[in-house]
Structures are given as C-alpha cells and as structure tokens.
Amino acid sequence: MPTATDTIIFGPGTPELNDTAPVKNWQRFLVTYGISVGPTLDDGKVGPSTAAATRTFQSISGLSVDANGNVKNSTINYATMVGYGGASVTSLPPALALEAS
C-alpha cells in the first residue's frame with residue numbers, strides 16, 4: 001500500500017505526460033537496465049509495454065509493484081540510486097504529480 005508521500009509521477013493514467021522528456025528518459029533507462037519497453041525504444045507513451053516494463057523493474061528491484069505500472073516517487077528514487085538520470089520528482093510541475101490512490 002502506498003504511503004501518503006508515494007505519489008504517481010507518470011503512468012498509464014497520465015496521458016498529458018505522453019511525449020515528454022521524463023517518459024522518454026524513463027523508457028531509455030529501462031532499456032539500459034535490460035528491460036524491454038516494446039518495439040520502439042522511446043516513443044514517449046506510457047502504454048501497456050512501458051507499464052509492464054515498469055512493473056518488471058519494480059519487481060526485480062524489490063519495490064512495491066504498482067498494478068497499473070505507474071512510476072511513483074519511490075520508483076524514481078530507487079532508480080536514481082542505480083543510475084537513472086532522468087526526471088526527478090521535483091522536475092515535474094506539482095499539478096502533474098498526482099496523489100496515489
């Protein structure tokens with residue numbers, strides 16, 4: 001169960017973030033981590049392939065796996081510790097960091 005501070009950064013429910021640098025950077029990170037995001041390397045869309053790749057990353061990293069494949073601040077924080085250099089929690093406008101339900 002997510003904590004009150006474990007907010008959704010982006011995921012399938014945030015289409016307004018499609019085609020943005022944070023999503024593309026996340027996809028590139030997953031690929032460099034050895035996890036496929038589907039046939040296109042960095043299409044910038046958080047579709048089924050990216051959501052599945054996110055769940056895989058969360059699972060193999062020992063994180064809480066979000067059933068919808070959302071990237072939350074806990075995922076970004078851990079990914080940053082293992083080499084992710086993309087968007088941090090603070091680099092997205094607050095309106096786009098949705099409270100986890």
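Visitor: How many residues does α2 have, and what span in Å does it reach from its first C-alpha to its last?

Guide: Happy to start there, keeping in mind that this is a predicted model. The expected span, at 1.5 Å a residue, is 18 Å, and α2 comes close to that value. The helix has 13 residues and reaches 18 Å.

Visitor: Which residues of α2 are buried, and where on the helix do they lie?

Guide: Buried here means under 20% relative accessible area, and T50, A51, A53, T54, F57 and Q58 of α2 are buried. Seen down the axis of α2, these buried residues fall within an arc of 160°, so they line one face of the helix.

Visitor: And which exposed residues does the face of α2 turned away from its buried side carry?

Guide: Let's go round the helix. The buried side of α2 packs against α1, β2 (71-72) and α3. The face turned away from that side carries the exposed residues P48 and I60.

Visitor: Which element gives the largest share of the largest nonpolar core?

Guide: A nice one to trace. That core has 16 residues, and F10, W26, F29, L30 and F57 touch the most other members. Two or more residues each come from β1 (8-10), α1 (21-32), α2 (48-60) and α3 (73-81). The largest share, 4 residues, comes from α1.

Visitor: Which residues of α2 does W26 touch?

Guide: Leaving aside residues up to four places away in sequence, W26 touches F10, V71, T75, I76, A79 and Y84, among others. Its contacts also include three names from the buried list of α2: T50, T54 and F57.

Key:
Residues are numbered from 1 along each chain as its sequence is written. This is a predicted model: local features need pLDDT of at least 70, side-chain atom pairs count only at pLDDT 80 or more; totals for chains, interfaces and linings use all residues. Side-chain values use heavy atoms; hydrogens and water are left out. A nonpolar core is a set of buried Ala, Val, Leu, Ile, Met, Phe, Trp, Tyr and Cys residues joined through side-chain atoms within 4.5 Å. Buried means under 20% relative accessible area, exposed over 50%, partly exposed in between (1.4 Å probe, protein chains only). Contact means heavy atoms within 4.5 Å. The expected span of a helix is 1.5 Å times one less than its number of residues. The arc is that of the directions from the helix axis to the C-beta atoms.
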